[in-house]
Amino acid sequence: MTPPPSGPVCAGASTAARGAAVTTGYPSFSSYVRARGPVLLRTARSLTANPSDAEDLLQTALTKTFVAWERIEDHRALDGYVRRALVNTRTSQWRKRKVDEFACEELPEPVGLPPEPDPAERQVLHDAMWRAVMRLPDRQRAMVVLRYYEDLSEAQTAEVLGVSIGTVKSAVSRALGKLREDPELTPVR
């Protein structure tokens, strides 16, 4: 058995690590990330299903770019370099992923969990709710929209509309009562 090497495994990574310790070592890399970060994040999001995974993917690709910064001759082609690093990293992740699901004869049903609502039914309910809100008197509609769609507090709603907090409370209460009684929103039994 041979002992592990005593020096760094990758000389380029060691050089980049020393350069990273000096904060002024790569000012153009920092400015590049600040300027192009949002565009590159959109690219990463298009490669993954989860926004958190996209941020991790972009971070990994930018780390690879940082390590190779001095070797990149044409800095006008940086976006292409980072995009290629994004795709290659994502492909590597896909190849390394573990398979946690196995094909079987019978599909297992989750025990104790309510079924996911049908997206079409959710949209129908959303549209019906919005039509019911639009049928409210103007003042009640404004208060409901500010309180529940814009997520303002009662005090903030009162301030925006120039009324007292008590007026907001009573008007919202009446509006919610009307919405509860709306025949379009009443569940079929």
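**Entry 1. The loop after H6**

I began with Asp 151, which is found in the loop between H6 and helix H7 (154-161). The model I am reading is a predicted one. I looked up the backbone of Asp 151 and found phi near 60 degrees, a positive value in a residue other than glycine. I noted for comparison that most residues other than glycine have a negative phi. Is Asp 151 buried or exposed? Its relative accessible area is 66%, so I recorded Asp 151 as exposed.

**Entry 2. The chain as a whole**

I then turned to the overall composition. The protein chain has eight helices and zero strands. Read from the N terminus, its elements run α-α-α-α-α-α-α-α. I looked up burial next: of the 189 residues in the protein chain, 24% are buried. For contacts between residues at least 6 apart in sequence, I noted that 53% join residues at least 24 apart.

**Entry 3. The largest nonpolar core**

Which residues touch the most other members of the largest nonpolar core? Among its 17 residues, I listed Tyr 32, Leu 40, Ala 44, Leu 58, Leu 62, Val 82 and Leu 86. Helix H2 (27-47), helix H3 (51-67) and helix H4 (78-96) are the elements that give two or more residues to this core. H3 gives the most, with six residues. I also recorded another core lying apart from this one; it has eight residues, including Ala 128, Leu 136, Ala 175 and Leu 179.

I examined two members of the largest core in turn. For Val 82, I set aside the neighbours within four places in sequence and found contacts with Tyr 32, Leu 40, Ala 61, Leu 62 and Thr 65.

Leu 86 lies in helix H4. Its relative accessible area is 0%, and I therefore entered Leu 86 as buried. Not counting residues up to four places away in sequence, Leu 86 touches Leu 40, Thr 43, Ala 44, Leu 47, Leu 57, Leu 58 and Ala 61. I also looked up a C-alpha separation: Leu 86 and Gln 59 are 27 residues apart along the chain, and their C-alpha atoms are separated by 9.3 Å.

**Entry 4. Helix H3**

I returned to H3, the element that gives the most residues to the largest core. H3 has 17 residues, and from its first C-alpha to its last it reaches 24 Å, close to the 24 Å expected at 1.5 Å a residue. Which residues of H3 are buried? I found Ala 54, Leu 57, Leu 58, Ala 61, Leu 62, Thr 65 and Phe 66. I set beside this list the rule that an α-helix has 3.6 residues a turn, so residues three or four places apart point the same way. At the start of H3, I noted that a side-chain oxygen of Asn 50 reaches to within 2.9 Å of the backbone nitrogen of Ser 52.

**Entry 5. Aromatic rings**

How many aromatic pairs does a search of the whole structure find? I recorded four. The rings of Phe 29 and Trp 69 have their centres 5.1 Å apart and their planes at 85 degrees, and this pair is therefore edge-to-face. Because Phe 29 lies in helix H2 and Trp 69 in the loop between H3 and H4, the pair ties together parts that are 40 residues apart in sequence. I found both Phe 29 and Trp 69 to be buried. Ring pairs also link Phe 29, Tyr 32, Phe 66 and Trp 69 into a cluster.

I then looked up Trp 130 and Tyr 149. Their ring centres lie 5.0 Å apart with the planes at 80 degrees, so I entered the pair as edge-to-face. Trp 130 belongs to helix H5 (residues 119-134) and Tyr 149 to helix H6, so the pair ties together parts that are 19 residues apart in sequence. Trp 130 is partly exposed, with a relative accessible area of 35%. Tyr 149, at 38% relative accessibility, also counts as partly exposed.

**Entry 6. Two arginines**

I closed with Arg 141 and Arg 147. Arg 141 has its place in helix H6 (residues 138-149). Why does Arg 141 count as buried? Its relative accessible area is 19%, and the cut-off for buried is under 20%. Leaving aside neighbours within four places in sequence, I found Arg 141 in contact with Val 133, Met 134 and Leu 136. Arg 147 lies over the face of Tyr 148, at 5.3 Å from the ring centre.

Definitions and conventions
Residues are numbered from 1 along each chain as its sequence is written. This is a predicted model: local features need pLDDT of at least 70, side-chain atom pairs count only at pLDDT 80 or more; totals for chains, interfaces and linings use all residues. Side-chain values use heavy atoms; hydrogens and water are left out. A nonpolar core is a set of buried Ala, Val, Leu, Ile, Met, Phe, Trp, Tyr and Cys residues joined through side-chain atoms within 4.5 Å. Buried means under 20% relative accessible area, exposed over 50%, partly exposed in between (1.4 Å probe, protein chains only). Helices (H or I, at least four residues) and strands (E, at least two) are DSSP runs, numbered from the N terminus. Contact means heavy atoms within 4.5 Å. The expected span of a helix is 1.5 Å times one less than its number of residues. A polar contact is a pair of N or O atoms within 3.5 Å; within protein, one must be able to donate a hydrogen and the other to accept it, and residues adjacent in sequence count only if both atoms are side-chain atoms. Rings of Phe, Tyr and Trp (its six-membered ring) pair if their centres lie within 6.5 Å; planes under 30 degrees apart count as stacked, over 60 as edge-to-face and the rest as tilted. A charge sits over a ring if NZ of Lys or CZ of Arg is within 6 Å of the ring centre and within 35 degrees of the ring normal.
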